[in-house]
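The following exercises ask the reader to work from a sequence and a three-dimensional model to reasoned statements about them. Each task is followed by a solution in steps.

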Amino acid sequence: MPYMLLIMEPIGQRQERSEDEGRELYAQMLRFADDLKGRGLLKAAESLLGDREGVRVQVRGGRRTLVDGPFSEAKEMVGGFFLLDCESKEQAVAIAAECPAAAWATVEVRGLGPCFMDSSRGETDDGGSARGAPVAAADRG
């Protein structure tokens, strides 16, 4: 099953690091990706430029609006991602815990699926019940 690990970094964190510190963290992430690839789990991975380089696009009523970064209301930014092919959500969560970025950012685990599905209503693409039970707050730490 495909799962995405989204690396959610606090805004401004990258600027607080020296270039050497940033390079070392990036090297850790590359080694992590190589390990996942060697285990046959990695489909794709990329690091993203900071939110200063981003643009938000909206089209409402046929009118396009662009907002250049940085985005002042944001507390986090997507710093990168790993697209995995896992056996289960539990395996994806376990891999997220192995990710070096979990030490300085939040690693969000998301399954891939059609945008019309809402697992909170128990919907799946096959008409059955949603996979996975809610994780208790004590299990998240």
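The exercises below concern this predicted model and treat a helix, a hairpin, salt bridges, cysteines and one glutamine in turn.

**Exercise 1. The two sides of helix H2**

Task: Determine which residues of H2 are buried and which are exposed, and state what the buried residues pack against.

Solution.
Step 1. Check the geometry of the helix. At 1.5 Å a residue, the 20 residues of H2 should span 28 Å, and the end C-alpha atoms are indeed 28 Å apart, so expectation and model agree.
Step 2. List the buried positions. These are Leu25, Met29, Phe32, Ala33 and Leu36. They lie on the same side of H2, because the arc they cover around the axis is only 100°.
Step 3. Recall the general rule. An α-helix has 3.6 residues a turn, so residues three or four places apart point the same way.
Step 4. Turn to the other side of H2. Here Glu19, Asp20, Arg23, Asp34, Lys37 and Gly38 are exposed.
Step 5. Identify the packing partners. The buried residues of H2 pack against strand E1 (2-10), E2, strand E5 (76-85) and H3.
Step 6. Inspect what comes after the helix. H2 is followed by Gly40, which has a positive phi, near 75°.

**Exercise 2. The hairpin of E3 and E4**

Task: Describe how strands E3 and E4 are paired, and state how many of their residues are buried.

Solution.
Step 1. Establish the pairing. Strand E3 (residues 55-60) and E4 run antiparallel and are joined by 6 bridges.
Step 2. Locate one facing pair. Val57 stands opposite Leu66 in E4.
Step 3. Examine the turn. E3 and E4 form a hairpin with 2 residues between them, and Gly61 in the turn has a positive phi of about 60°.
Step 4. Count the buried residues. Among the 6 residues of E3 the count is 0. Strand E4 (residues 63-68) is likewise hardly covered, with a count of 0 among its 6 residues.

**Exercise 3. Salt bridges**

Task: State how many salt bridges the structure holds, and characterise the ones between Arg31 and Glu24, Arg39 and Glu98, and Arg110 and Glu108.

Solution.
Step 1. Give the total. The structure holds 7 salt bridges.
Step 2. Take the pair Arg31 and Glu24. Their side chains meet at 3.3 Å, N to O. Arg31 is partly exposed, with a relative accessible area of 48%, and Glu24 is also partly exposed, at 39%.
Step 3. Take the pair Arg39 and Glu98. The closest N and O atoms of this salt bridge are 3.0 Å apart. The pair links distant parts of the chain, 59 residues apart: Arg39 is in the loop between helix H2 (19-38) and strand E2 (42-47), and Glu98 is in helix H3 (residues 89-98).
Step 4. Assess the exposure of this pair. Arg39 is partly exposed at 38% relative accessibility, and Glu98 is partly exposed at 42%.
Step 5. Extend the pair to a network. Asp35, Arg39 and Glu98 are linked by salt bridges.
Step 6. Take the pair Arg110 and Glu108. Their side chains form a salt bridge at 2.9 Å, N to O. Arg110 is partly exposed at 45%, and Glu108 is partly exposed at 29%.

**Exercise 4. Cysteines**

Task: State how many disulfides are counted, and decide whether Cys86 and Cys115 are buried or exposed.

Solution.
Step 1. Apply the distance cut-off. A disulfide requires two cysteine sulfur atoms within 2.5 Å. By this rule the count is 0.
Step 2. Compare accessibility with the cut-offs. Buried means under 20% and exposed over 50%. Cys86 therefore counts as buried, at 2%, whereas Cys115 counts as exposed, at 81%.

**Exercise 5. The surroundings of Gln91**

Task: Place Gln91 in the fold and name the residues that Gln91 touches.

Solution.
Step 1. Assign the element. Gln91 is in helix H3.
Step 2. Judge the exposure. At 24% relative accessibility, Gln91 is partly exposed.
Step 3. List the contacts. Leaving aside residues up to four places away in sequence, Gln91 touches Leu41 and Cys86.
Step 4. Relate sequence to space. Gln91 and Tyr3 are 88 residues apart in sequence, while their C-alpha atoms are 9.7 Å apart.

Terms used. Residues are numbered from 1 along each chain as its sequence is written. This is a predicted model: local features need pLDDT of at least 70, side-chain atom pairs count only at pLDDT 80 or more; totals for chains, interfaces and linings use all residues. Side-chain values use heavy atoms; hydrogens and water are left out. A salt bridge is a side-chain nitrogen of Lys or Arg within 4 Å of a carboxyl oxygen of Asp or Glu. Buried means under 20% relative accessible area, exposed over 50%, partly exposed in between (1.4 Å probe, protein chains only). Helices (H or I, at least four residues) and strands (E, at least two) are DSSP runs, numbered from the N terminus. Two strands pair if DSSP finds at least two bridges between them. The expected span of a helix is 1.5 Å times one less than its number of residues. The arc is that of the directions from the helix axis to the C-beta atoms. Contact means heavy atoms within 4.5 Å.
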